[in-house]
Amino acid sequence: MSSSDKFRISTPFEIGRYMVSPGRKLCGFLIEAKTGRGVFRRIIRLVEEHKTDLKLVHYQSQSPEGDKNIFVLLDYTECDISPQELAEEIRRSRDVVAVELIEPRIKGFIADTISNPLTIGGVRAIITAFPAYKGMIRNVRERFGSGGAVFLYYTGFAIGGEIARAARRIGHRLGVTDPLTIMRDIIGSLQDAAGWGLAELIEFKNEPFYMHIRIYNSFECELGLGAGEPYSHLIRGAIAGCVAELFGIKATVTEVKCLAKGDPYCEFTVKPA
């Protein structure tokens, strides 16, 4: 949750670990390697030497002292050896511990069927794509009307409280206890990274308590484009839940600007109830 005067430009970032490429030969590798210098560069060079088209790479060091995981998806239509032979060459590369070959179940479509469960910061996570959350949020509103809006708000409130507790634990590890810093810099950064929208703290006052928050590209209000009225209930609830957990304040969160109204972004004011 940035507090800068000039907000940064956002760029989409693809996190899907799958490919759809009709008619092409696809495969993937999950590679475990030691933390030696240059291991990543050697593996990528080896893959490219065999005329493969590298499509996706995910590189993760499990810990400062631990091994690295390297996940790759590639198109081997023009490759001069088989995926099994390529896997064996990678396995013989210096500092590589193990290689798992991922083969497609349907030609032209491949997904990471090995990495499970997914985690964020060591906590299990799921990826919910647009069709799934569209069905959840829009259908709840359409089917249950004002009752659905209330349900979404209190769901968001519970989510906000859980997020705040997790962020407080991160803050504790960093020696940060100030609730505003936790909400603005830890929760704001986590939600930016998770794709909820890009949040910016416009104004904060402690006496009396007041927050003015702007969110660009809100995933929730994007669903309501053209509605002509504020659309957020889930994110409103999440903000209220965060404030309740971190500041101990029962807050009223009002959406004063909204993508669904034709505004360029969403804005929320937060005041004591």
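## A tour from loop to sheet

Begin by selecting Pro 117, which sits in the loop between strand S6 (109–111) and strand S7 (118–120); here strands (E, at least two residues) and helices (H or I, at least four residues) are DSSP runs, numbered from the N terminus. The bond to look at is the one that joins Asn 116 and Pro 117, a cis peptide bond with omega of about 0°.

Before moving on, note that this is a predicted model, in which local features need pLDDT of at least 70 and side-chain atom pairs count only at pLDDT 80 or more, while totals for chains, interfaces and linings use all residues. Residues are numbered from 1 along each chain as its sequence is written, and side-chain values use heavy atoms, with hydrogens and water left out.

**The whole chain**

Zoom out until the protein chain fills the view: its secondary structure comes to six helices and 12 strands, and its C-alpha atoms fill a box of roughly 65 × 45 × 30 Å along the principal axes. Of its 273 residues, 41% count as buried, where buried means under 20% relative accessible area, exposed means over 50%, and partly exposed lies in between (1.4 Å probe, protein chains only). Among the contacts in the protein chain with a separation of 6 or more, 64% are between residues 24 or more positions apart, a contact being heavy atoms within 4.5 Å.

**The sheet around S4**

Next, select S3, S4, S2 and S5, which in that order form an open sheet with antiparallel pairing; two strands pair if DSSP finds at least two bridges between them. S3 and S5 stand at the edges with a single partner strand each, so one side of each has no neighbour in the sheet. From one strand to the next, the twist averages 15°, and such angles run from 0 to 180 degrees between the N-to-C directions of axes, which are lines fitted to C-alpha atoms, for helices over the stretch in contact.

Now narrow the selection to strand S4 (residues 68–75), where seven of the eight residues are buried, so the strand is largely enclosed by the rest of the structure. Eight bridges join S4 to strand S2 (residues 26–33), and the two run antiparallel. Within this pairing, Gly 28 stands opposite Leu 73 in S4, and Leu 30 has Phe 71 as its bridge partner in S4. Strand S3 (residues 53–61) is likewise joined to S4 by eight bridges and runs antiparallel to S4; Val 57 and Val 72 are a pair of opposite residues to display here.

Add helix H1 (residues 39–49), which lies across S2, S3, S4 and S5 and runs at about 165° to S3. Helix H2 also packs on the sheet, touching S2 and S5, and its direction makes about 165° with that of S5. Follow the chain out of helix H2 (83–92) into the loop that leads to strand S5 (96–102), and Asp 95 will be found there; phi of Asp 95 is near 75°, a positive value in a residue other than glycine.

**The sheet of S9 to S12**

Clear the view and select S9, S10, S12 and S11, which form an open sheet in that order with antiparallel pairing. Its edge strands, each pairing on one side only, are strand S9 (198–205) and strand S11 (251–257), and the twist averages 20° from one strand to the next. Five bridges join strand S10 (residues 210–216) to strand S12 (residues 266–272), with His 212 standing opposite Thr 269 in S12.

Helix H5 (residues 179–194) packs on this sheet, touching S9 and S10, and its direction makes about 165° with that of S9. Helix H6 (residues 234–247) packs on the sheet as well, touching S9, S10, S11 and S12, at about 145° to the direction of S11.

**Two loops to finish**

In the loop between S9 and S10, select Pro 208, where the peptide bond from Glu 207 is cis, with omega near -10°. Then step to the loop between S10 and H6, where Asn 217 lies; its phi is near 55°, a positive value in a residue other than glycine.

Is Asn 217 buried or partly exposed? Asn 217 is partly exposed, with a relative accessible area of 42%, whereas Ser 218, placed in the loop between S10 and H6, counts as buried at 1% relative accessibility. Leaving aside neighbours within four places in sequence, Ser 218 is in contact with Trp 196, Ile 235, Leu 259 and Cys 266.
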